[in-house]
Amino acid sequence: MSVAHTTFPAYSRARTESPARPAVPKQPIRAEAAIASEADIRSGLTEHLARLWRYGLVLSHQRDVADDLVQATCVRALERADQFIAGTRLDRWLFSILHSIWLNEIRARRVRQGQGFVDADETLSFDGARDTETHVMANQVLKQVNALPDAQRSAVFLAYVEGLSYREVASVMDVPIGTVMSRLAAARAKLSETVSAGGFE
């Protein structure tokens, strides 16, 4: 079953109260806000599942690992719903969670290489939200993105395919903005070499 069509049951975190202290008047308000936040995130997850899966595939090159990354991201997002700041971009927050899981958990397990490899050009699709010129550029980048080092590949995908700003990419990857600019410059140089060599159709 494709993760893009996965639905998530209602989820609520366990809450504990100290018997020694009575609940303060503002607590019910905070609790209601937390529930509302969970509901908003749960409804927003479905909208971003396909984009999360694409990013998971770019990072891992494996469909099953991308599925695991998305599932873990959804669980963690719901667990940490109270950390999401209302009015900010949910997609950027979700990308950050997925990226953190990849770095801290999945990659640390030394996922088997070369099995279940998927060509990004054959798998990644677009939702039609951007204009044709952007789609063409993104398609060209995706044809070569798998040849880039991990850090450059992530930066290129987030900046040129997902359209995040340098500052937003830096936030997702948890690195200084200067590092993002350096990685993108190196990636552009590599991609320019590919263009000069006739690597783009």
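How many residues apart are R153 and D150 in helix α6, and about how many helical turns separate them? In this predicted model, R153 and D150 sit three residues apart in helix α6, so about one helical turn lies between the two. Their side chains form a salt bridge, with the closest N and O atoms 2.9 Å apart. The partners differ in how much of each is covered up: R153 counts as buried, at 4% relative accessibility, while D150 comes out as partly exposed, at 36%.

That pair has company, as the count of salt bridges comes to six. In general terms, side chains of opposite charge can pair when their charged atoms come close. Another case is R54 with E162, whose side chains meet in a salt bridge at 3.6 Å, N to O. Here R54 belongs to helix α1 (residues 27-60), whereas E162 is in the loop between α6 (150-161) and α7 (166-173), so this salt bridge ties together parts that are 108 residues apart in sequence. Both R54 and E162 are buried.

Next come D91 and R89, which meet through their side chains in a salt bridge of 2.7 Å, N to O. D91 has a relative accessible area of just 8% and so falls in the buried class, where the cut-off is under 20%. R89, by contrast, has 35% and is partly exposed. As for D150, its 36% also makes it partly exposed. Beyond individual pairs, salt bridges that share partners link R51, R54, R89, D91, E162 and E168 into one network.

Away from the charged pairs, S96 is a handy residue to look up in the structure. S96 is part of helix α3 (residues 90-106) and is buried, with a relative accessible area of 19%. Setting aside neighbours within four places in sequence, S96 is in contact with S171 and V172.

The backbone has a couple of oddities too. Most residues other than glycine have a negative phi. H61 goes the other way: although H61 is not a glycine, its phi is positive, at about 70 degrees. H61 is placed in the loop between α1 and α2 (63-79), and with a relative accessible area of 15%, H61 is buried. D174 is not a glycine either, yet has a positive phi of about 55 degrees. This residue is found in the loop between α7 and α8 (177-196). Unlike H61, which is buried, D174 is exposed, with a relative accessible area of 69%.

Definitions and conventions: Residues are numbered from 1 along each chain as its sequence is written. This is a predicted model: local features need pLDDT of at least 70, side-chain atom pairs count only at pLDDT 80 or more; totals for chains, interfaces and linings use all residues. Side-chain values use heavy atoms; hydrogens and water are left out. A salt bridge is a side-chain nitrogen of Lys or Arg within 4 Å of a carboxyl oxygen of Asp or Glu. Helices (H or I, at least four residues) and strands (E, at least two) are DSSP runs, numbered from the N terminus. Buried means under 20% relative accessible area, exposed over 50%, partly exposed in between (1.4 Å probe, protein chains only). Contact means heavy atoms within 4.5 Å.
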